[in-house]
Each structure stands twice: as C-alpha cells, then as structure tokens.
Amino acid sequence: MSSHIHRGSELKTLDDNFTALMGSLGISEIDDKTNNKTELEFDPSDPPPFRLVEIRNAIPKHCWVKDPFRSFSYVVRDLTLVATLIGTAIYLDSWLFYPIYWALQGTMFWAIFVLGHDCGHGSFSDSQLLNNVVGHILHSAILVPFHGWRISHKTHHQNHGNVENDESWVPMSEKLYKKMGYSTKILRYKIPFPLLAYPVYLMKRSPGKSGSHFNPYSDLFQPHERKYIVTSTVCWTIMTIVLFYLCTVFGTLQMLKIYGIPYLVFVMWLDFVTYLHHHGYEKKLPWYRGKV
C-alpha cells in the first residue's frame with residue numbers, strides 16, 4: 001500500500017510540475033464541457049517558449065538514472081520473443097500463420113531498433129563501450145550501420161527542423177521539389193513507397209544531400225569519426241554475408257519468409273512512426289516559422 005501511495009505522490013508531483021511549467025509558458029487548459037475533455041491550446045508554429053533546462057528540471061531525478069541491468073532485461077525479453085516467433089513459424093510452416101508472424105516479428109525488429117537507438121543516445125548505460133557493443137549487435141542484426149546512424153541521428157537532433165542543416169525529415173523547399181523528377185516524387189510521396197525509404201536513406205541520404213552512412217569519407221562525418229564508420233560497415237557486411245549464407249543453407253524463400261518480410265515490416269514501422277513524430281497536423285506546420 002505504501003508503494004502505491006509513494007508512486008501516486010510522484011505522479012502528482014510530476015503533474016503539478018508540468019502544469020506549472022505550461023502555465024508559466026502561457027499555455028492554458030480549455031475545458032470542453034460537451035465531452036468533458038481538457039485540451040491545451042497553443043500555436044505550434046511559434047518558437048518554443050521554453051528552454052530545455054526547464055523541461056529537464058520538471059522531470060523527476062529517478063527518470064535520469066541509467067540501469068544497465070534493467071536495460072539488458074529488455075534485450076533478453078525482446079530477443080527471446082524474436083527466437084520464439086522464429087521457432088513457431090518454422091514449426092508450423094503454415095501460410096495461415098505467416099502473415100501473423102510477419103506482423104509480430106516486424107514489430108519485434110522495430111523493438112530491437114529502439115533498444116539500439118537507446119544505445120546510440122547513451123541512455124542504455126553509463127558505459128560508452130557497452131552502449132557501442134550492444135548497439136552494434138542489435139542494429140547489425142537488422143541491417144542498420146550503428147555508428148553511421150548514430151552520428152547522423154545526433155546531427156538530426158541538433159538541427160531538428162532546420163531546412164539547411166537537418167539530416168533527416170528535412171522540410172523541403174519549393175525550389176528543390178520542382179527539381180525532383182516525376183519518379184522521385186512518386187517514390188517519396190506516394191504510399192507505400194515512402195514506407196520503404198529507410199534503406200535508401202542509409203545508402204544515399206535524403207534528396208538534395210550526398211553521401212552514405214556506410215562511407216567513412218562522406219560529408220556526414222568528421223575525420224575523427226571515420227574509424228567508427230569502418231567498424232559499423234564491417235559489422236553490417238558480416239551480417240549481410242551471414243544472411244546470404246543462410247539462404248544457401250535454408251533456401252531463399254525460407255529466409256524471405258523468416259527474415260526478409262519481417263525486415264520490410266520493421267522498415268515500415270520505422271518510417272511510419274518517425275513520420276508521425278516529425279509532422280504536424282492540418283492547421284499548422286510547426287517546422288516553419290514566419291513567412292512560408
């Protein structure tokens with residue numbers, strides 16, 4: 001009972017901190033009496049009326065503690081689920097089950113990516129070496145070059161929404177859009193093609209940018225980062241070789257069913273979720289400010 005009371009007081013403190021922060025920013029609550037909902041009203045096209053330190057201070061301190069044992073528990077849990085799904089699919093070998101398997105396993109591949117994502121951000125543990133080792137194992141398993149992605153992802157966070165310097169999900173200028181060929185526009189904007197864009201992005205980056213996540217001499221990276229890119233590209237290559245070898249052992253069709261299609265589902269999840277993260281709604285375009 002005492003633990004429930006303690007947790008309840010923490011949640012109330014967090015809610016009070018959030019409410020106080022929003023109030024200090026001039027963001028007000030609107031009570032919709034027709035359906036008893038409370039909404040926050042603000043203009044997302046305005047510059048953020050707060051600093052990161054204000055958000056950080058509103059978050060309880062225990063949320064910043066990195067627990068590698070807890071992190072590894074998620075790795076063990078997710079890898080166990082991946083192995084269980086593979087075993088079940090091979091055992092049943094049923095076309096009735098495969099669509100279910102593809103949806104579930106593709107989602108688990110996405111979960112593996114998120115764990116590697118946390119390694120890239122350094123939130124998996126306080127050890128950079130441990131983060132890098134685990135990140136390479138997890139991301140290489142789903143054909144993501146860990147350091148190449150990690151560095152470009154850091155650039156993205158540092159320049160989010162900046163038309164000139166952002167790395168991914170860059171707001172496209174009208175001038176660049178008009179230069180794009182018809183086929184490029186189809187592939188970029190017509191579903192389902194954008195949901196399969198991630199491997200192309202890793203190879204060629206976004207439209208209007210040059211380089212690759214696999215090339216240590218790409219302008220994505222600083223000279224001192226080249227050794228990291230070599231390491232990640234080697235790990236990615238080893239995984240690719242392993243997959244080709246498994247095709248010779250179990251057959252291409254079997255590997256397509258067990259790995260290939262779940263990989264495509266994972267890519268769709270990644271593109272779909274990050275699209276939602278980086279786009280606004282029909283009333284405003286929050287990444288544009290001033291005259292458009």
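In the predicted model, R150 makes contacts beyond its neighbours within four places in sequence, and the partners in these contacts are G120 and Y228. The residue belongs to helix α6, which covers residues 146–158, and R150 is counted as buried because its relative accessibility is 19%, where the limit for burial is under 20%. A further spatial relation involves C119, whose C-alpha atom is separated from that of R150 by 8.9 Å although the two residues are 31 residues apart along the chain.

Helix α10 spans residues 226–250, and its geometry can be checked against an expected length. At 1.5 Å a residue, the 25 residues of α10 should span 36 Å, and the end C-alpha atoms are indeed 36 Å apart, so the two values agree. The residues of α10 that are buried are I229, S232, T233, W236, M239, T240 and L243. An α-helix has 3.6 residues a turn, so residues three or four places apart point the same way. A nonpolar patch on the surface is formed by V230, V234, I238 and V242, which together have about 310 Å² of accessible area. Within this patch, V242 lies in helix α10 and counts as partly exposed because its relative accessibility is 36%. Two cysteines, C235 and C247, are likewise described by their accessibility: C235 is partly exposed, with a relative accessible area of 23%, and C247 counts as partly exposed at 22% relative accessibility. A search of the whole structure returned 0 disulfides. Just after α10, the backbone at G251 adopts a positive phi of about 100°.

Charged pairs were examined next, and the structure holds 4 salt bridges. One of them joins K66 to D126, with the closest N and O atoms 3.7 Å apart. This pair links distant parts of the chain, since K66 is placed in the loop between α2 (52–58) and α3 (68–92), while D126 is placed in the loop between α4 (98–121) and α5 (128–141), 60 residues apart. The two partners fall into separate accessibility classes: K66 is partly exposed, with a relative accessible area of 34%, whereas D126 is exposed, with a relative accessible area of 66%.

A salt bridge is also formed between the side chains of K257 and D93, at an N to O distance of 3.6 Å. Here too the pair links distant parts of the chain, with K257 in helix α11 (residues 252–278) and D93 in the loop between α3 and α4, 164 residues apart. K257 counts as buried at 8% relative accessibility, whereas D93 is partly exposed, with a relative accessible area of 45%.

The pair D219 and R205 likewise forms a salt bridge, in which the closest N and O atoms are 2.7 Å apart. Both D219 and R205 lie in the loop between α9 (198–204) and α10, so the pair ties together parts that are 14 residues apart in sequence. D219 is exposed, having a relative accessible area of 56%, whereas R205 counts as buried at 11% relative accessibility. The loop between α9 and α10 also contains S218, which is buried, with a relative accessible area of 3%. When neighbours within four places in sequence are left aside, S218 is in contact with S210, G211 and S212.

At the level of the whole protein, the secondary structure consists of 11 helices and 2 strands, which follow the pattern α-β-β-α-α-α-α-α-α-α-α-α-α when read along the sequence. Buried residues account for 33% of the 292 residues in the protein. Of the contacts between residues at least 6 apart in sequence, 61% join residues that are at least 24 apart. The protein exposes about 18,900 Å², and carbon and sulfur atoms supply 64% of this area.

Note on methods. Residues numbered from 1 in each chain as written. Predicted model: local features only at pLDDT ≥ 70, side-chain atom pairs only at ≥ 80, totals over all residues. Heavy atoms only, no water. Helix = DSSP H or I, 4+ residues; strand = E, 2+ residues; numbered from the N terminus. Buried < 20%, exposed > 50% of the residue type's maximum accessible area, 1.4 Å probe, protein only. Contact = heavy atoms within 4.5 Å. Patch = residues over 30% accessible without salt bridge, like charges linked within 9 Å, V, L, I, M, F, W, Y side chains within 5 Å. Areas by Shrake-Rupley, 256 points an atom, 1.4 Å probe, with all protein chains shown as cover. Expected span 1.5 Å × (residues − 1). Disulfide = S-S within 2.5 Å.
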